[in-house]
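Colleague: I am new to this structure and would like a close look at a single part of it, with enough of the surroundings to place that part. Please take your time over the answer.

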Amino acid sequence: MNPVLLAIIKAAVVVFFNLNLVALMVYLERKLVGRIQHRVGPNRAGPFGLLQPMADIVKLILKEDVTPRGADRWIYGLAPILAATLAFIGYAPIPFGPPGWQVADINVGLLYMLMISSLTVYGVMLGGWASNSKYSLLGALRSSAQMISYELGLAGAVVAVVMVSGTLDLRSIVDDFQAQGGLGWLPGWNIASPLLWPSFIVFSICAYAELNRVPFDLPEAEGELGAGFHTEYSSGRFAMFFMAEYAGLATMSALAVTLYFGGWSGLGWFDLDRLPAWLGWYSTIAPTVIFFTKQMVFMVGAIWVRATLPRMRYDQLMNLGWKVLIPVATANLVALALFEAASQRWF
Amino acid sequence: MAGEGARPGGGASWLARLWRATGGHAAVQIARGMLTTIKHVPKRPVTVSYPEVKPELGSRWKGLHYLARYENGLERCVGCSLCALACPAHCITVVAAENRDDARFSPGERYARVYDIDELRCIFCGLCVLACPEDAIRMTRKYDFAYSTREQFVYHKEQLLERAPGAAEDPSAWGYD
């Protein structure tokens, strides 16, 4: 098959899948937060309210698209497109299955992911700046400061994984787990190594901050700033920011699974070759099913955190980022380097 | 110790201070919070799915008013306006008129020619019921009345009277005690 055509088909399928995942997440978030607060959540549209995301998106698109007077029209229109695009293309180098089950197999996939996650700040910043509104601008300022600060912690945490795996290629990182085998009954995922625990903790905290999710959703602190950087956005443009947020969550969850939780490799408790012949097709999609199950665990975890933790104050956020997370990530890196050097020298 | 109490954990042992500084304390508190929220997921929602499920009303629920009659069909109301006087929301308008032998509405000297209640203003406190010396104004358990204009919310005497001839709904069917 023509490789270009194949890449286009793969990209279309993955984007389509992620769009549906966004809809599912919106539904799940409202339902789960509702249950935590002893409410029932959406239950009007369709069975169990399953059509609620569709109703939401139709409502949003049918709304009037307002551009504030004095807004920089071109950038104002560009910002949501940038945000949504960056959120979706971040998924490209994620290996969600055996070789071939990946949109772009690039050997610096991790670097690419970091680059995309740094660029997402532009959607937020340009949107806030171009809106010609003080609330949007304040939200955007907070957001850019926050995202740039936490980018460092995120990169520092990720470098620890690179040091252990010795590669920036996400597929090789996953293969590396499988080559290691398991520690007894434990799978040989990166998270099994205690030296990577601080890295994982820093990574998760920074990922929440990077995605502007609770407890770090300061850019859109609705109690203080209206709706933050997207105060002035309405209709389809707001829907794009909204989708970008959830697509970013999907990408970050996928990255966490890939880096720390063995990607598409299973627990190794069940040999797929022992499946009966009529279930043979399942062994083909099993790795992908495993991958998305793991990813969903992280995404539901984000909802759970959102329903639990209050928003942090801005100075607390900056203190945590610069005075705790970055030093911890750096110390972890140094410890890991010493350990690696020692293991090569003496063991 | 100098500076004791100046900041949390200031007088604590170095181990406790390290525990706080490294975020151990925060991590434990966050974990406790997460446990608290997840415990609520399997619990029954308190939501009443209103149009399908009606809420259970209290035994003394105060709903829409009605004007009671005697057994023989005469109105209890004598048009004394004490309900209007008692009303904190000033939503009752009473205009009294003399009973005549050829047109008798109530046993007393006078009757209410006009009796209007603005149900949008009414706060359903029941003070009119308490104030009434004739036990004429009472309350039903009806709460779900909705209209599209303000004027429709002003209930006139014909609508309020028990078993009123030509009334849209018989108040005795509204479930009062």
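Is Ala87(A) buried or exposed, and how many other C-beta atoms lie within 10 Å?

Modeller: Ala87(A) is buried, because 28 other C-beta atoms lie within 10 Å, where 20 or more are enough for a residue to count as buried. Please keep in mind that this is a predicted model, and that the predictor gives the complex an ipTM of 0.76 together with a pTM of 0.81.

To place the residue, Ala87(A) sits in helix H3 of chain A, and this helix, which covers residues 73-89, has the highest mean pLDDT among the elements of chain A, at 92, while H8(A) has the lowest, at 68. For chain A as a whole the mean pLDDT is 86, with 93% of the residues reaching 70 or more.

The surroundings of Ala87(A) can be read from its contacts: once its neighbours within four places in sequence are left aside, Ala87(A) is in contact with Thr120(A), Ala244(A), Ala247(A), Gly248(A) and Thr251(A). For a sense of distance along the chain and through space, Thr258(A) is 171 residues apart from Ala87(A) in sequence, and the C-alpha atoms of the two are separated by 17 Å.

A second buried residue of chain A helps to fill in the picture. Asn212(A) is found in the loop between helix H7 (197-210) and helix H8 (222-225) of chain A, and Asn212(A) counts as buried because it has 26 C-beta neighbours inside 10 Å. Not counting residues up to four places away in sequence, Asn212(A) touches Ser143(A), Asp217(A), Pro219(A), Glu220(A) and Glu245(A). Leu249(A) is 37 residues apart from Asn212(A) in sequence, and their C-alpha atoms are 9.6 Å apart in space.

Another element of chain A to look at is helix H11, which runs over residues 314-346 and has 33 residues; from its first C-alpha to its last it reaches 46 Å, close to the 48 Å expected at 1.5 Å a residue. H11(A) nevertheless has a kink of about 30°, centred on Leu320(A), and Leu320(A) is itself one of the buried residues of this helix, which also include Leu317(A), Gly321(A), Leu325(A) and Ile326(A). The buried residues of H11(A) pack against helix H5 (134-165) and H7 of chain A.

Chain A also meets chain B, in a contact that takes ten residues from chain A and twelve residues from chain B. On the side of chain B that touches chain A, the residues divide into six nonpolar, five polar and one charged.

Chain B itself has five helices and five strands, which follow the pattern α-α-β-α-β-β-α-β-β-α when read along the sequence. Of the 177 residues in chain B, 20% are buried; and among contacts between residues at least 6 apart in sequence, 65% join residues at least 24 apart.

Within chain B there is an open sheet of three strands, in the order S2-S3-S5 and with antiparallel pairing. Strand S2 (92-98) and strand S5 (154-155) of chain B stand at the edges, and each has a single partner strand, so one side of each is left without a neighbour in the sheet. S2(B) pairs with strand S3 (residues 110-118) of chain B over seven bridges, in the antiparallel sense; here Thr93(B) stands opposite Asp116(B) in S3(B), and Glu98(B) stands opposite Arg110(B) in S3(B). The pairing of S3(B) with S5(B) is likewise antiparallel and runs over two bridges, with Ile117(B) opposite Tyr155(B) in S5(B).

As for confidence in chain B, its mean pLDDT is 84, and 85% of its residues reach 70 or more. Over residues 1-5 of chain B, however, the pLDDT is below 50, and this stretch has six contacts in the model beyond near neighbours in sequence. Among the elements of chain B, helix H1 (residues 14-21) has the lowest mean pLDDT, at 84, and helix H3 (residues 82-86) of chain B has the highest, at 95.

Conventions
Residues numbered from 1 in each chain as written. Chains lettered and ligands numbered in written order. Predicted model: local features only at pLDDT ≥ 70, side-chain atom pairs only at ≥ 80, totals over all residues. Contact = placed C-beta atoms within 7 Å. Nonpolar A, V, L, I, M, F, W, Y, C, P; charged D, E, K, R; others polar. Helix = DSSP H or I, 4+ residues; strand = E, 2+ residues; numbered from the N terminus. Buried ≥ 20, exposed ≤ 12 C-beta atoms within 10 Å, placed from the backbone. Pairing = 2+ DSSP bridges. Expected span 1.5 Å × (residues − 1). Bend = angle between axes of the 7 residues up to and from the residue. pLDDT = per-residue confidence, 0-100.
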